[in-house]
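Please open the structure in your viewer and keep the sequence panel beside it. The tour below goes from one selection to the next and says what is found at each stop.

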Amino acid sequence: MSDRDVFEYALLRVVPRVERGECFNAGVLVYCRARSFVAARTHLDEAKLRALDPRADVAGVRAALRAVEGVCGGGTAAGQAAGDDPGRRFRWLIAPRSTVVQPGPVHTGLTADPAAETERLLDLLVR
């Protein structure tokens with residue numbers, strides 16, 4: 001029996017001007033069904049944001065990224081999703097949307113530690 005479980009992840013992209021389609025990575029969502037784990041970690045590079053849109057609402061983008069982390073964390077920070085299981089919260093967060101913060105495609109892998117995997121992916125793909 002393996003000590004590693006399948007996990008899914010998606011990048012969170014910031015698209016300051018949706019009509020232009022330019023984006024950069026600002027976070028990662030990780031879900032591991034076997035461990036009932038869902039988490040998001042974010043890192044906003046303000047210089048990249050301002051390079052794509054000098055008039056961007058930095059506070060608004062930060063709030064949107066924090067909201068994703070809140071939904072993953074559950075409890076009162078998850079709002080209406082508070083009662084949903086981790087898988088349902090992940091699926092809701094990866095649904096396509098046309099907003100400033102958008103999920104990318106879902107990828108899979110194997111991990112023994114989903115929390116550590118979340119940090120590894122943030123360092124590798126975002127920072």
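A polar contact, as the term is used here, is a pair of N or O atoms within 3.5 Å, and within protein one of the two must be able to donate a hydrogen while the other must be able to accept it. Please keep in mind throughout that this is a predicted model.

**First stop: D5**

Select D5, which has its place in strand β1, and then add R35, whose side chain is joined to that of D5 by a polar contact of 2.5 Å. If you leave aside the neighbours of D5 within four places in sequence, the residues in contact with D5 are C32, A34, R35, G109, L110 and T111.

**Second stop: the hairpin**

Now select β2 and β3, two strands that run antiparallel and are joined by six bridges. One pairing to look for is that of Y31 with V38, its bridge partner in β3. The two strands form a hairpin with four residues between them, and in the turn S36 has a positive phi of about 50 degrees. Is β3 itself enclosed or open? Five of its six residues are buried, so β3 is largely enclosed by the rest of the structure.

**Third stop: T42**

Stay in strand β3 and select T42, which counts as buried because its relative accessibility is 17%, and the cut-off for buried is under 20%. The side chain of T42 makes a polar contact of 3.0 Å with the side chain of E69. Apart from neighbours within four places in sequence, T42 is in contact with L12, A26, G27, L65, E69 and L122.

**Fourth stop: the nonpolar cores**

In soluble globular proteins, nonpolar side chains tend to be buried together. To see the largest nonpolar core here, which has 24 residues, begin with V14, L29, L44, L49, V61 and L65, the members that touch the most other members. The elements that give two or more residues to this core are β1, β2, β3, α2 and α3, and of these α2 gives the most, with six residues. Centre the view on V14 and show its surroundings: not counting residues up to four places away in sequence, V14 touches E22, C23, F24, A26, L44, L49, V61, V100 and V101. A second, separate core has 11 residues, and you can find it by selecting Y9, C32, L122 and V126, which are among them.

**Fifth stop: aromatic rings**

The model has two aromatic pairs. Select Y31 and F90, whose ring centres are 5.3 Å apart and whose planes are at 20 degrees, so that the pair is stacked. Y31 lies in strand β2 and F90 in helix α3, so the pair ties together parts that are 59 residues apart in sequence. Both Y31 and F90 are buried. Next, turn to W92, where R97 lies over the face of the ring at 5.2 Å from the ring centre.

**Last stop: R127**

Finally, select R127 in the segment after α4. Which residues does R127 touch, not counting those up to four places away in sequence? They are R41, H43, E119 and L122, while the side chain of R127 also makes a polar contact of 2.7 Å with the side chain of D123. Add D45 to the selection as well, for R127 and D45 are 82 residues apart in sequence and yet 8.1 Å apart in space, C-alpha to C-alpha.

Key. Residues numbered from 1 in each chain as written. Predicted model: local features only at pLDDT ≥ 70, side-chain atom pairs only at ≥ 80, totals over all residues. Heavy atoms only, no water. Core = buried A, V, L, I, M, F, W, Y, C linked by side-chain atoms within 4.5 Å. Buried < 20%, exposed > 50% of the residue type's maximum accessible area, 1.4 Å probe, protein only. Contact = heavy atoms within 4.5 Å. Pairing = 2+ DSSP bridges. Phe/Tyr/Trp six-rings, centres within 6.5 Å; stacked < 30°, edge-to-face > 60°. Lys NZ or Arg CZ within 6 Å of the ring centre and 35° of its normal.
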